[in-house]
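Let's take a friendly walk through a protein model, one feature at a time. Have the sequence and the 3D view ready, and look up each residue as you meet it.

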Amino acid sequence: MSETSKTAGASGHSSVNRAKLYQLVLFPLNNGATNVYYVLILSYVATFGSTVLLLGTVFASVMVTAMRVFDAITDPIIGALMDRTNGKFGKFRPFMVIGNAIMAVSVLLLYIGTPLIPESMMWLRYVMFVLLYAVWVIGYTFQTSVTRAGQTVLTNDPNQRPLFTIFNTVGSLVGMGVMQFSAPIIATGFADGYGAAEFYAVFAPVGIVISIGLTILAIIGIWEKDQPKYFGLGGSSSGEKVKMSEYIAIIKANNPMQRLMVAGAGCKLALSIATNTTVLCMLYGCMMGNYDTLYLPMMVLGYVFSVPFFLLTVRTSQKKGQKASLVRYVTIALVMYVGVLVLLFLWNPNDPNFMFSIYQGTLFESDFAITINPYTILFIIFFGIGYGAYYATADMPIPMVADCSDYETYRSGNYIPGIMGTLFSLVDKLVSSLSATVVGLAVSAIGLSKLPTQYTPYEDGMNVVVIVLFCVIPMIAWAATLIAMKGYTLTGARMKEIQAINACRKDAIADGMSKEEAMAKWTKVEDLPEEYRPTVKS
């Protein structure tokens, strides 16, 4: 892939910024690096606080949400700081390095340091839990916002940008998948599983090493693009000085961003709750009675079903735009989960024909036996297709943030990917953290004092909690996504027009025209010189 397109006007300036293949592959690993911590913290911190530190169950769960309220302050500040940054090491790389370092230190102290505080000083456990969690939030905001903001410099080609979706999903899968696979394997080495302090002392360093490696690769991916000539319309836009008071007005005027935040929240809520460790422990362990033989096979199954959907989402995005792709595959997930919902209603612990089972015994041992039944086959079909569809779309709103940022450059002339990315990130994190609170409150509602682990026996009401958390709430979230996308105007064709207008304005500014003149002269595609107009396929 070439870095730039030379279909430019008389000035000779390039009109389309394209990424090289290795850049498209490596930079999205930044998402994988932050998703390592997503699993380390959002999937396990409530269980850690409840079972290891012996903090109140509701407190440990609610703190996950409370810290995201703290993000309401840090996100816009960090986003504005990123938009104003244009130093020797670029706009984005410093935030990747600083963010990862902050997360590494805070997670080590949280998971390894706080259990050393004696129970007689329980007040200090509470204080350190909150303090270290707050520090982690700042680091997470630093690095995760780069994934969204950095796309704008990587490529603005409407045909190439959908490829970022699949590489971003793969990057997310690398970070999240490795952690999800390794967690149960590490946990089997300890009698209390996820409730053992030793589990976190091993799990945290493993995750930190993986995240550092992915961050280094992501920095290599964006290195050549992290320079002013790829920032917005050029000129003064390399370090925007937009006032904080102006951001609210910008978001109010950017309707596509508003709708995308709702859609992104729906996708993230569905993914966060349906893949929450406590929910899966209750489903595969407490209800189905065999977590150790069901969790990993079902995870592998979900990823296998995801592969064709990764390819389908890219094909659909390139042909019809990212909006069409998101709507199509979220709809498939919603329909498939109707089947999953029915099967969970039919669950009967007293009838093996209505219990979920794949095999019994130990793999490669004499007691191993296949025990799959029609109930399980139907569950695999509905869950597999549904999971594949929604997992492939869960991160799709992230590349769409770049479209909204480019739309803002087209609309106002401002290049503010930092604030656009952190505003989306704020909603993303509020929703994902809300999942932990919802799970904690649901578990408390049935009388449990601690969050269930894979070894917790079944209690009355767990099946209702699983039905609501694993199916009903994700289905409502997907419905909200579809409603939000109905009025989303940044279709594939529209983005090609916007990119063409931005390219023409950028070249004119590079040739000496003021940004204000360029903004006024070219407002629609019909105004452009012929060489800038996007090609319309018959």
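## A covered helix

The buried residues of helix α12 are T277, T278, V279, L280, C281, M282, L283, Y284, G285, C286 and M287. Here "buried" means under 20% relative accessible area, "exposed" means over 50%, and "partly exposed" is in between, using a 1.4 Å probe and protein chains only. Helix α12 covers residues 277-287, and 11 of its 11 residues are buried, so you can call the helix mostly covered. Helices here are DSSP runs of H or I with at least four residues, strands are runs of E with at least two, and the numbering starts from the N terminus.

What sits at the ends of α12? At the N-terminal end, N276 acts as a cap, with a side-chain oxygen 2.9 Å from the backbone nitrogen of T278. After the helix comes G289, which has a positive phi near 75 degrees.

## About the model

This is a predicted model, in which local features need pLDDT of at least 70 and side-chain atom pairs count only at pLDDT 80 or more, while totals for chains, interfaces and linings use all residues. Residues are numbered from 1 along each chain as its sequence is written, and side-chain values use heavy atoms, with hydrogens and water left out.

## Rings that pair up

A pair of aromatic rings is described by the distance of the centres and the angle of the planes. Rings of Phe, Tyr and Trp (its six-membered ring) pair if their centres lie within 6.5 Å; planes under 30 degrees apart count as stacked, over 60 as edge-to-face and the rest as tilted. The structure holds 35 aromatic pairs. In one of them, the rings of Y291 and Y295 have centres 5.0 Å apart and planes at 15 degrees, so this pair is stacked. The two residues are four apart in helix α13 (residues 291-320), which puts about one helical turn between Y291 and Y295. Both Y291 and Y295 are buried.

Now find Y337 and F470. Their ring centres are 6.0 Å apart and the planes are at 40 degrees, so this pair is tilted. Y337 belongs to helix α14 (residues 322-346) and F470 to helix α18 (residues 462-485), so the pair ties together parts that are 133 residues apart in sequence. Y337 is buried, with a relative accessible area of 0%, and F470 is buried too, at 1%. Both also belong to one aromatic cluster, made up of F181, Y303, F310, Y337, F379, F383, Y387, Y390, Y391, F470 and W478.

## Lysines over rings

Which rings have a lysine over the face? K91 lies over F231, at 5.0 Å from the ring centre, and K225 lies over Y230, at 4.6 Å from the ring centre. For a charge to count as sitting over a ring, NZ of Lys or CZ of Arg must be within 6 Å of the ring centre and within 35 degrees of the ring normal.

## Helices side by side

Two packed helices are described by the angle between their axes and the distance between the axes. Axes are lines fitted to C-alpha atoms, for helices over the stretch in contact, and angles run from 0 to 180 degrees between N-to-C directions. The axes of α11 (residues 255-274) and α18 come within 8 Å and cross at roughly 165 degrees. That makes α11 roughly antiparallel to α18 (angles over 145 degrees count as roughly antiparallel, under 35 as roughly parallel, 65 to 115 as roughly perpendicular and the rest as oblique).

Helix α2 (residues 29-43) packs with helix α5 (residues 93-113) at an angle of about 20 degrees, with the axes 12 Å apart. That makes α2 roughly parallel to α5.

## A loop residue and a threonine

Most residues other than glycine have a negative phi, and most peptide bonds are trans. L54 has a positive phi of about 65 degrees although it is not a glycine. You'll find L54 in the loop between α3 (45-52) and α4 (57-84). Is L54 buried or exposed? It is partly exposed, with a relative accessible area of 36%.

T376, in helix α15 (residues 374-394), is buried, with a relative accessible area of 0%. The T376 side chain makes a polar contact with the side chain of N373, at 2.7 Å. A polar contact is a pair of N or O atoms within 3.5 Å; within protein, one must be able to donate a hydrogen and the other to accept it, and residues adjacent in sequence count only if both atoms are side-chain atoms.
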